[in-house]
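Biologist: Can you pull up the model so we can go through it together? I have some short questions.
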Amino acid sequence: MSKVNELFKTELKVINMGLKSFSNELKHQGVTVLQVDWRPPAGGNPKMIELLNRLKDRK
Amino acid sequence: MIEKLIQDANDKVLEIMQSSHPVLVGIGIAGEVIPGMTKKTLLHAGPPITWDKMSGPLKGAIIGALLYEGLATDQEAAEKLAASGEIKFDPCHHHSSVGPMAGVVSATMPVWILENKTYGNKAFCTLNEGLGKVLRYGAFSSEVIDRLKWMENVLAPVLKEALELHGPVDLKVMIAQAIQMGDEGHNRNKAGTSLLIRELAPFIVKTSFSEEDKAAVLKFMHSNDHFFLNLTMPACKCTLDAAAGIKYSTIVNTQARNGTEFGIRISGLGDRWFTAPANMVKGLYFPGFSEKDANPDIGDSVITETTGIGGFAMAGAPAIVQFVGGTPKDAVNFTTSMYEITHEENKSFVIPFLNFRGTPTGIDIRKVIETGIMPIINTGIAHKEAGVGQVGAGLVYPPQKCYEDALEAFVAEMEKEGII
C-alpha cells in the first residue's frame, strides 16, 4: 500500500489501453498520457475469432 | 501445420508480386487483342453484374459505349439493347483487363498492351480520357463520344507508332520513380504522366503523322494528370494475375467495384468473388456538388492498393490530400497503418519520407479481420446519375463483409481438404 502511495507522490506517466475517454480525463488534469490504439481481436466478434483460431496450429 | 502452409503460400505470392516486371509493349484494338472479346461484349469494372442492378454511372458508360460502337443511335435505343440480353456484360478482371471507374471497354476501343516480363502474362487497359465529363464516369454526350473517336483515330495511332520506334517502356522502373516524385499511382499521377511524356516525346515527333496531330497528342497527355493511371492499373493487373491461384494463400488478389457492389478475390480461393454493397466515398466535391450527388464507390483502380501503391503509398504523396481530403499527417498514418495488414514491404516501390521504406504490400485477410483495420482506398467520386461525370474525389474502405465472407470460405476450404 505504501508503495502505491509513493507512486502518486511522483509525476505520473500513464499508458492507457482501451477506452479513449480514460486518457482524455487524465489529459484534462495535466497528466502525461499515451493512448494505445488497441482493439480486441476481430473487434470481439466471436465467430471471426473462432475462424482465425481455426487457422492457427494447435499448441 | 496450417500456419506453415499459409505462410509458405503467402511467401510464394509475394515472391511473384515482387519479381513481376510490367512493361508497356504496345497499343492494340480491344476486340483483336483482349481474350474472349466480341463485337457485342462490353467489359466493366468490378465483380459481375446485370444491367438491372447497374448504378447510374455504369449504365451511362454502357450507353456511351453502345453509341460509340454504332450499336445504338440514341440513349433510348442503347438502353433497350442493353436490357435485351443481346449484349454480354463481363468484368474486365475476367479478361486480363482493368478499367478505371465504370471501366467500360468495347470492341473497337484502343487499349494499352502490357506484359509481365518475368511471367509472360499480359494485361490491357483503355487510354485515359481526362477528368470531368468522360465515359468512365458515366457521361455519354456527343463531346464524350467525339473525344473517344479522336482517341481511336489520332491519339492511339500516334502513340502506337511512337512505341514501335521506342521499344518497350519499363513501367516497373517508371512507377517506382513516380512514387519517389510524389505520386501514389492512383489519384496522383502527375509525375508518372510527366515521365511518360519525357520518355515518348522524342519518338512522337519522329512519327509519320502531321505536326498538328503530334502537337495535339502531346497537349492531350500534358493536360491530363491522370494519363498515367491507365498504365499503373494494368501494371498492377499483370503483377497480380501472375500471383493468382496459389493454393493455401490468404493474400488478396483482387479488389474491384462496379458502382453497386465491392468484390474481392483471394489468391488461394481461385476465381470466387466475395461481394457486398459498395460504400460511399468521403471526400472533397467539385463546386456545385455534394454528397447527395455521389454514387457509391466504383472502379477497378483499387488494384493499385491491392498491389501496394495508391492509398497504401500515400505517405509519399502528401500533396494528394488537396484532392482527396485530410492532412499530410493523415497520409503518413494511412500508409503506416497498412503495414499492420500486409505480408511484407515492397522491394521496388519505396517512400523517401519513410527512410525509403518499401510500401505495405500483399493484403492478408487474416490480418484485416484480426486487427479490424480495413484497406484504405483513395478514389474519384462519380455522380449517381448517368451522363453527368465526376463530382469529386476522396477516401473509402471496402465493406468488412467481403473480408469476413472470404475468411469463412477459406476456413471451409481447409476443412473440406481435411487440413484443419
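Modeller: Keep in mind that this is a predicted model. Let's start with helix α1 of chain B, residues 2-19.

Biologist: What should the 18 residues of helix α1 of chain B span, and what are the end C-alpha atoms apart?

Modeller: At 1.5 Å a residue, the expected span is 26 Å, and the end C-alpha atoms of helix α1 of chain B are 26 Å apart, so the two agree.

Biologist: Which residues of α1(B) are buried?

Modeller: The buried ones are Ile2(B), Ile6(B), Ala9(B), Asn10(B), Val13(B), Leu14(B), Ile16(B), Met17(B) and Gln18(B).

Biologist: Now the interface. How many residues does each chain put into the contact?

Modeller: Chain A gives 14 residues and chain B gives 18 residues. The area buried between chain A and chain B is about 1,400 Å², with carbon and sulfur atoms giving 57% of that.

Biologist: Which residues in chain A lose the most area to chain B?

Modeller: Leu52(A), Arg54(A) and Leu55(A) do, and together they make up 43% of what the chain A side buries.

Biologist: How many salt bridges and polar contacts cross between chain A and chain B?

Modeller: The rule finds three salt bridges across that interface. For polar contacts, the rule finds six residue pairs there, with both residues at pLDDT 80 or more. The side of chain A that touches chain B has seven nonpolar, one polar and six charged residues.

Biologist: Which residue does Arg54(A) form a salt bridge with?

Modeller: Glu415(B), with the closest N and O atoms 2.3 Å apart.

Biologist: And Lys56(A), what is the salt bridge partner there?

Modeller: Lys56(A) forms a salt bridge with Glu370(B), and the closest N and O atoms are 3.8 Å apart. Lys56(A) sits in the segment after α3 (46-54) of chain A, while Glu370(B) belongs to helix α13 (residues 365-371) of chain B, so the pair joins two chains.

Biologist: How do Lys56(A) and Glu370(B) count for exposure?

Modeller: Lys56(A) has 36% relative accessibility and therefore counts as partly exposed. Glu370(B), at 31%, also counts as partly exposed.

Biologist: Why would such side chains pair at all?

Modeller: Side chains of opposite charge can pair when their charged atoms come close.

Biologist: How many salt bridges does the structure hold over all chains?

Modeller: There are 22 over all chains. One within chain B is between Asp225(B) and Lys190(B), at 3.0 Å from N to O. That pair links distant parts of the chain, with Asp225(B) in the loop between α8 (211-222) and α9 (229-242), Lys190(B) in helix α7 (residues 190-204), and their positions 35 residues apart. Asp225(B) counts as partly exposed at 33% relative accessibility, and Lys190(B) counts as partly exposed at 38%.

Biologist: What about Lys237(B), which residue is the partner and where do the two lie?

Modeller: The partner of Lys237(B) is Asp241(B), with the closest N and O atoms 2.9 Å apart. Both lie in helix α9 of chain B, four residues apart, about one turn of the helix.

Biologist: Is Lys237(B) buried or exposed?

Modeller: Lys237(B) is at 1% relative accessibility, so it counts as buried. Asp241(B) is at 24% and counts as partly exposed. The cut-off for buried is under 20%.

Biologist: Different topic. Where does His186(B) lie?

Modeller: His186(B) is in the loop between α6 (171-179) and α7 of chain B. His186(B) is buried, with a relative accessible area of 2%.

Biologist: Which side chains does the side chain of His186(B) make polar contacts with?

Modeller: One is Thr304(B), at 3.2 Å. Another is Glu305(B), at 2.9 Å. Leaving out residues up to four places away in sequence, the residues that His186(B) touches include His226(B), Leu229(B), Ile377(B) and Asn378(B).

Biologist: Last one, the backbone. What is phi for Asn355(B)?

Modeller: Asn355(B) has a positive phi of about 55 degrees although it is not a glycine. Asn355(B) lies in the loop between β12 (342-351) and β13 (357-363) of chain B, and counts as exposed at 71% relative accessibility.

Biologist: And phi of Phe356(B)?

Modeller: Phi of Phe356(B) is near 60 degrees, also positive in a residue other than glycine. Phe356(B) is in the loop between β12 and β13 of chain B.

Terms used. Residues are numbered from 1 along each chain as its sequence is written. Chains are lettered from A and ligands numbered from 1 in the order in which they are written. This is a predicted model: local features need pLDDT of at least 70, side-chain atom pairs count only at pLDDT 80 or more; totals for chains, interfaces and linings use all residues. Side-chain values use heavy atoms; hydrogens and water are left out. Contact means heavy atoms within 4.5 Å. Buried area is the accessible area (1.4 Å probe) that two parts lose on being put together, summed over both. A salt bridge is a side-chain nitrogen of Lys or Arg within 4 Å of a carboxyl oxygen of Asp or Glu. A polar contact is a pair of N or O atoms within 3.5 Å; within protein, one must be able to donate a hydrogen and the other to accept it, and residues adjacent in sequence count only if both atoms are side-chain atoms. Ala, Val, Leu, Ile, Met, Phe, Trp, Tyr, Cys and Pro count as nonpolar, Asp, Glu, Lys and Arg as charged, and the others, Gly among them, as polar. The expected span of a helix is 1.5 Å times one less than its number of residues. Buried means under 20% relative accessible area, exposed over 50%, partly exposed in between (1.4 Å probe, protein chains only).
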